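Q: Please take me through this structure one feature at a time, giving the general idea before the particular case.

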Amino acid sequence: MNIENSVKHCVYLGLGSNLGDREENIRQAVSLIQERIGKVVRQSSMIETEPWGFESDNRFLNAVILCETEKTPREVLRITQRIEKEMGRKKKTSLIANSQEPIVRYHDRPIDIDILLYDDLTVDEPDLKIPHPLMRQRDFVMIPLNEITNS
């Protein structure tokens, strides 16, 4: 992956929250992303959805943003993970006994930030996959993503 840092790249990020003041959590995440990653040029409406991949009584608010950045995909991942942690997010993955492959365990969270797309780049690394491999299966990603890519 060879990305120039002085060039503006388009990164689409999926945001979700189902703990606390969900709307404020998304607003705060967008503000931190704008501050640390780059200018947010589009933001979808927020939609309310059922949890995906786990059981919970807490519904999600979800949105997608388009951000212009000079950061590499790896830098964007590191920064979004730091934002999640600062906002109270617990660990996303864990290892199964006798396995080196991390598995995702979904749970309630104040904020979740996923890299959906980064320019037309394809990345397939153990901890970074672009385009996001599950996004087409998730209406809570595709509905807001289509809203801002078709406007």
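A: The expected span of a helix is 1.5 Å times one less than its number of residues, where helices (H or I, at least four residues) and strands (E, at least two) are DSSP runs numbered from the N terminus. This is a predicted model, in which local features need pLDDT of at least 70 and side-chain atom pairs count only at pLDDT 80 or more, while totals for chains, interfaces and linings use all residues. Residues are numbered from 1 along each chain as its sequence is written, and side-chain values use heavy atoms, with hydrogens and water left out.

Q: What span should helix H1 have, and how far apart are its end C-alpha atoms?
A: Helix H1 takes in the 15 residues 22-36, which should span 21 Å at 1.5 Å a residue, and its end C-alpha atoms are 21 Å apart, in agreement with that expectation.

Q: Which residues of H1 are buried, and where do they lie around the axis?
A: An α-helix has 3.6 residues a turn, so residues three or four places apart point the same way. Buried means under 20% relative accessible area, exposed over 50%, and partly exposed in between (1.4 Å probe, protein chains only). In H1 the buried residues are Asn25, Ile26, Ala29, Val30, Leu32 and Ile33. They cover an arc of only 165° around the axis, taken from the directions from the helix axis to the C-beta atoms, and therefore lie on the same side of H1.

Q: Which elements do the buried residues of H1 pack against?
A: Contact means heavy atoms within 4.5 Å, and the buried residues of H1 pack against strands E1 (9-17), E2 (40-43), E4 (60-69) and E7 (112-118), as well as helix H2 (73-86).

Q: How should I read the pairing of strand E4 with E1, E2 and E3?
A: Two strands pair if DSSP finds at least two bridges between them. E1 and E4 run antiparallel and are joined by 9 bridges, with glycine 16 opposite asparagine 62. E2 and E4 also run antiparallel, over 3 bridges, and here glutamine 43 stands opposite isoleucine 65. Strand E3 (residues 47-49) pairs with E4 in the antiparallel sense over 3 bridges, and glutamate 48 has leucine 61 as its bridge partner. E4 is mostly covered, since 9 of its 10 residues are buried.

Q: What surrounds asparagine 62 in E4, and which side chain makes a polar contact with its side chain?
A: A polar contact is a pair of N or O atoms within 3.5 Å; within protein, one must be able to donate a hydrogen and the other to accept it, and residues adjacent in sequence count only if both atoms are side-chain atoms. The side chain of asparagine 62 makes such a contact with that of threonine 49 (2.7 Å). Asparagine 62 is buried, with a relative accessible area of 4%, and among the residues that it touches are Leu15, Ile26, Met46 and Phe140.

Q: Why is there no bond between the sulfurs of cysteine 10 and cysteine 67?
A: A disulfide is a pair of cysteine sulfur atoms within 2.5 Å, and a search of the whole structure finds 0. The sulfur of cysteine 10 is 9.1 Å from that of cysteine 67, its closest cysteine sulfur, which is too far for a bond. Cysteine 10 is partly exposed at 34% relative accessible area, whereas cysteine 67 is buried at 0%.

Q: Which peptide bond is cis, and where is the positive phi of aspartate 119 found?
A: Most residues other than glycine have a negative phi, and most peptide bonds are trans. The bond from isoleucine 130 to proline 131 is cis, with omega near -5°, and proline 131 is in the loop between strand E9 (128-130) and helix H3 (139-149). Aspartate 119 has a positive phi of about 45° although it is not a glycine, and is found in the loop between E7 and strand E8 (123-125).
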